[in-house]
Amino acid sequence: MDVSRKARVCEAHHRARRLRRLATAALAVAALAAAAALVLYLVYRPVMPQASVPRAAVYRLALASAAANASFAAPAAHALAASVQFTLLLHNPSDRASLLYDGLVAYAAYRGEPATPPAPLPPVAQDRGADVAMSPLLGGAAVPVSSDAARALAADCAARRVQLRLVVMGRVKYSSGPFRSGWRDLYVRCNVVVGLSTEAAVAGGGGGDVPLLEYPRCAVDA
């Protein structure tokens, strides 16, 4: 009986040892798999594009009576008639991932209010480490603005210094090695402070390229 009991105890110890070895091996394999996945992620992870605005042009920037514009669905006290152009430079900082932009629209804003109608932009493919330039001409129809924005714009034009914001929205897809991401929302905004000549400030138009008084500040969410 003692010998049989000892044999059963030894067999139980051997079984427990085998289970511990299997558990240790499984943990080691899982740790190696996690480490390999982390390395692949660090190597191929997508990097958000960087944005800058090296050039701006103001062809028209003037207040008008919104009551005279029949395109407004509801009466408004003021309207802004603008025609502006920005050169947006998108830089892909990744040397492994290419990008695809789609569904892009751009508009200009002044003091948090739209200054131009949204304008569609064509799809853009961007290679690894490449730069892509877009120069949309924004404007056309006048848009309604608040009384506060109208007063602020009159003062800024008198001071010959106006801050506009370029907004670009759409979606972006990353392609990096064996990995393909789904579509992600893209939201780019750049604050651009431009100078106006005396003639432009009085006439309400810039006639073309205007100086950038401050380095444009851009933010990108993707």
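The following exercises, with worked solutions, concern a predicted model.

**Exercise 1.** Determine how many residues the largest nonpolar core has, and which of them have the most contacts inside it.

*Solution.* Step 1: the largest nonpolar core comprises 44 residues. Step 2: the residues with the most contacts inside this core are Phe86, Leu88 and Val162. Step 3: as background, nonpolar side chains in soluble globular proteins tend to be buried together.

**Exercise 2.** List the residues that Val162 touches, leaving out those up to four places away in sequence.

*Solution.* Step 1: among the contacts of Val162 are Leu61, Tyr110, Leu153, Asp156 and Cys157. Step 2: Val162 also touches Val192, Val193, Val194 and Leu196.

**Exercise 3.** Locate Arg111, state the sign of its phi, and classify the residue as buried, partly exposed or exposed.

*Solution.* Step 1: Arg111 belongs to the loop that links strand 3 (97-110) and strand 4 (113-114). Step 2: its phi is positive, about 50°, although Arg111 is not a glycine. Step 3: the relative accessibility of Arg111 is 58%; exposed means over 50%, so Arg111 counts as exposed.

**Exercise 4.** Carry out the analysis for Arg160: loop, phi and exposure.

*Solution.* Step 1: the loop between helix 2 (147-159) and strand 10 (161-176) contains Arg160. Step 2: Arg160, a residue other than glycine, has a positive phi near 60°. Step 3: because its relative accessibility is 41%, Arg160 counts as partly exposed.

**Exercise 5.** State how many aromatic pairs a search of the whole structure finds, and which ring Arg171 lies over.

*Solution.* Step 1: the search of the whole structure returns 0 aromatic pairs. Step 2: Arg171 is placed over the face of Trp183, 4.1 Å from the ring centre.

How values were computed
Residues are numbered from 1 along each chain as its sequence is written. This is a predicted model: local features need pLDDT of at least 70, side-chain atom pairs count only at pLDDT 80 or more; totals for chains, interfaces and linings use all residues. Side-chain values use heavy atoms; hydrogens and water are left out. A nonpolar core is a set of buried Ala, Val, Leu, Ile, Met, Phe, Trp, Tyr and Cys residues joined through side-chain atoms within 4.5 Å. Buried means under 20% relative accessible area, exposed over 50%, partly exposed in between (1.4 Å probe, protein chains only). Contact means heavy atoms within 4.5 Å. Helices (H or I, at least four residues) and strands (E, at least two) are DSSP runs, numbered from the N terminus. Rings of Phe, Tyr and Trp (its six-membered ring) pair if their centres lie within 6.5 Å; planes under 30 degrees apart count as stacked, over 60 as edge-to-face and the rest as tilted. A charge sits over a ring if NZ of Lys or CZ of Arg is within 6 Å of the ring centre and within 35 degrees of the ring normal.
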